Amino acid sequence: MTRTLFTNAHIATGESGSTAAQTASLQDILVEDGRFAAIGEGLAASLPAQGYDTTGLDVVDLGGKLVTPPFCDTHLHLDYVFTARKPGAVNESGTLFEGIQRWSDTKSDLTIDDIKTRARTAIGMELRHGVQFIRSHADVTDPNLTSLKALLELKEELKDTVTIQIVSFPQEGMYSYVGPHGESGADLVEEGLRMGADCVGGIPHFEQCREFGERSMHTVVELASKYDRLIDVHCDETDDPNSRYVELLAALAYRAGIGERTTASHTCSLGSADNAYFFHLTKLLKAAHVNFACAPTENLYLQGRQDTFPKRRGITRVKELTDAGINVSLGQDSMQDPWYPLGNGNMMIILDYVLHVAQMMSFPEIDDAMKFLTVNGATTLGMRDSYGLEAGRPANFVVLDADSVFDAVYQRCDVLRSVREGRTLFTAATTVESSTDLL
């Protein structure tokens, strides 16, 4: 039996009210064979007194630092990373639709090895920033399904280090794309599910007409039900307030009984929709229990491109959805691809952006913010039953260079340690040498 006792931790579970304030008592974490055996105050002293054999027990002092569940990046495109400077890939307008065209024009020479090499680099960057759970979309509007094959291989190769969910995603549309042999995007999405993709994807606002977009939402729900898969749709990623596919997706998922397994990503149009429409929509969203994934940095960059002033922020209604009790999680989305020139996998930066742009900066909201990277992310991924700081669950957690949630958010703090099923994936330390008493 492998046993480790991690001592002197401030713990924030990600649940509401778990802020790990500096005044809270330090706790210890006992891990046995990769699972949490006990979490509580004073275990280092109480376990021997209870007759627990501490022979061979490894002890790691966390020095009062903040422990949270590992971060979840619930929206990423691993097959696109580090392609922004590829010849022909530069997005001059900075718009979503030019990004799609640039990708379409330059993806024909992709290879499995190239995608895996770039994706490994991106995963390593995310891992260093505390991420252990990633949902990545794989473009299947390619008759060779190169991206999907590469990411399926990578998912298996890295499963002991990071959990990767893969979306069978028709970047060029379910019904607007027609392949060289007459195959539709919908055909290729279904083939991706047969090959092992975890989620059904779609992009209704990109389809050539409204009817194609609506048809694609029906197809998404039908395929998810047929293959027992999750749903994650690029939905209403536009400033057009008349793009309202999210309501159709939610209604269909609700009627199929799979609302909790459904995610609407982006939904930027809700930031342009009027309050009367959103008020009406909220009732359906709450009943369906659909999830939302927001990519704040990317949509701040892409949206509002047709605006002069006033210029829209371009992200979904994170605050209003959250206040309504609807699950919202976050994603990096891109790392240096035709849609976004930056991105380094640091989810603390993504959190910082969403709190600013959604104006969620009351002290209670800041104290509650880690949920967006932790339990909300796990809810979107459908993994809440095996995720979190609870006895009996896999011993996955990160140690942050802070002693409270507020300080972690305020400092955009670094990750000092990442633990996966009781095994330390990495440790980091910050050393500052100074000749001034200001540091």
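This is a short viewer tour of a predicted model, going from its open sheet out to helices, a buried lysine and some aromatic pairs.

**Stop 1: the sheet**

Start by colouring strands β6 through β13. They make an open sheet of eight strands, ordered β6-β7-β8-β9-β10-β11-β12-β13, and the pairing is parallel. The two edges are β6 (71-76) and β13 (328-330), each of which pairs on one side only.

Now select 131-139, which is β7. How many of the nine residues of β7 are buried? Nine of the nine are, so this strand is mostly covered. On one side, β7 pairs with β6 in the parallel sense over four bridges; pick Leu76 and you'll find Ser136 of β7 standing opposite. With β8, β7 shares seven bridges, again running parallel. To see one of those, click Ile134, whose bridge partner in β8 is Ile164.

Move along to β11 (residues 262-266) and β12 (residues 291-294), a parallel pair joined by three bridges. Ser265 is a handy marker here: its bridge partner in β12 is Ala293.

**Stop 2: two helices on the sheet**

Next, show helix α4, residues 146-157. This helix packs on the sheet and touches both β7 and β8 (163-169), and its direction makes about 160 degrees with that of β7. Then bring up helix α6, residues 210-227, which also packs on the sheet, touching β9 (199-200) and β10 (230-235). The angle between the directions of α6 and β10 is about 165 degrees.

Stay on α6 for a moment. Its 18 residues reach 26 Å from first C-alpha to last, close to the 26 Å expected at 1.5 Å a residue. For the buried side, select Gly213, Ser216, Met217, Thr219, Val220, Val221, Leu223, Ala224 and Tyr227. What do the buried residues of α6 pack against? Their partners are α5 (185-195), β9, β10 and α7 (245-256). Step just past the end of α6 to Asp228, which takes a positive phi of about 55 degrees.

**Stop 3: a buried lysine**

Select Lys116, which sits in helix α3 (residues 112-128). Is Lys116 buried or exposed? Its relative accessible area is 12%, and Lys116 counts as buried because the cut-off is under 20%. Show the side chains of Lys116 and Glu157 together: a polar contact of 2.7 Å joins them. Leaving out residues up to four places away in sequence, Lys116 touches Ala150, Glu153, Leu154 and Glu157.

**Stop 4: an enclosed helix**

Go to helix α11, residues 347-357. Eight of its eleven residues are buried, so the rest of the structure largely encloses this helix. The ones to highlight are Met347, Met348, Ile350, Leu351, Asp352, Val354, Leu355 and Val357. At the start of α11, look for a side-chain oxygen of Asn346, which comes to within 3.0 Å of the backbone nitrogen of Met348. After the helix comes Gln359, with a positive phi near 55 degrees.

**Stop 5: aromatic pairs**

Switch on the aromatic rings; the structure holds ten aromatic pairs. Zoom in on Tyr80 and Trp103: the ring centres are 4.2 Å apart and the planes lie at 50 degrees, so this pair is tilted. Tyr80 is in the loop between β6 and α2 (96-106), while Trp103 is in helix α2, and the pair links parts of the chain 23 residues apart. Tyr80 is buried at 1% relative accessibility, and Trp103 is buried at 1% too.

Now try Tyr301 and Tyr340, an edge-to-face pair with 5.9 Å centre to centre and 75 degrees between the planes. Tyr301 belongs to helix α9 (residues 296-302) and Tyr340 to the loop between β13 and α11, 39 residues apart. Tyr301 is partly exposed, with a relative accessible area of 29%, whereas Tyr340 is buried at 11%.

For one more, select Phe6, Phe36 and Phe397, which form one aromatic cluster.

**Last stop: Thr68**

Keep Phe397 on screen and add Thr68, found in strand β5 (residues 66-68). Thr68 is buried, at 0% relative accessibility. Which residues is Thr68 in contact with, leaving aside neighbours within four places in sequence? Add Ala12, Met370, Thr374, Leu389, Phe397, Val398 and Leu400 to the selection, and you have them.

Technical notes:
Residues are numbered from 1 along each chain as its sequence is written. This is a predicted model: local features need pLDDT of at least 70, side-chain atom pairs count only at pLDDT 80 or more; totals for chains, interfaces and linings use all residues. Side-chain values use heavy atoms; hydrogens and water are left out. Two strands pair if DSSP finds at least two bridges between them. Contact means heavy atoms within 4.5 Å. Axes are lines fitted to C-alpha atoms, for helices over the stretch in contact, and angles run from 0 to 180 degrees between N-to-C directions. Buried means under 20% relative accessible area, exposed over 50%, partly exposed in between (1.4 Å probe, protein chains only). A polar contact is a pair of N or O atoms within 3.5 Å; within protein, one must be able to donate a hydrogen and the other to accept it, and residues adjacent in sequence count only if both atoms are side-chain atoms. The expected span of a helix is 1.5 Å times one less than its number of residues. Rings of Phe, Tyr and Trp (its six-membered ring) pair if their centres lie within 6.5 Å; planes under 30 degrees apart count as stacked, over 60 as edge-to-face and the rest as tilted.
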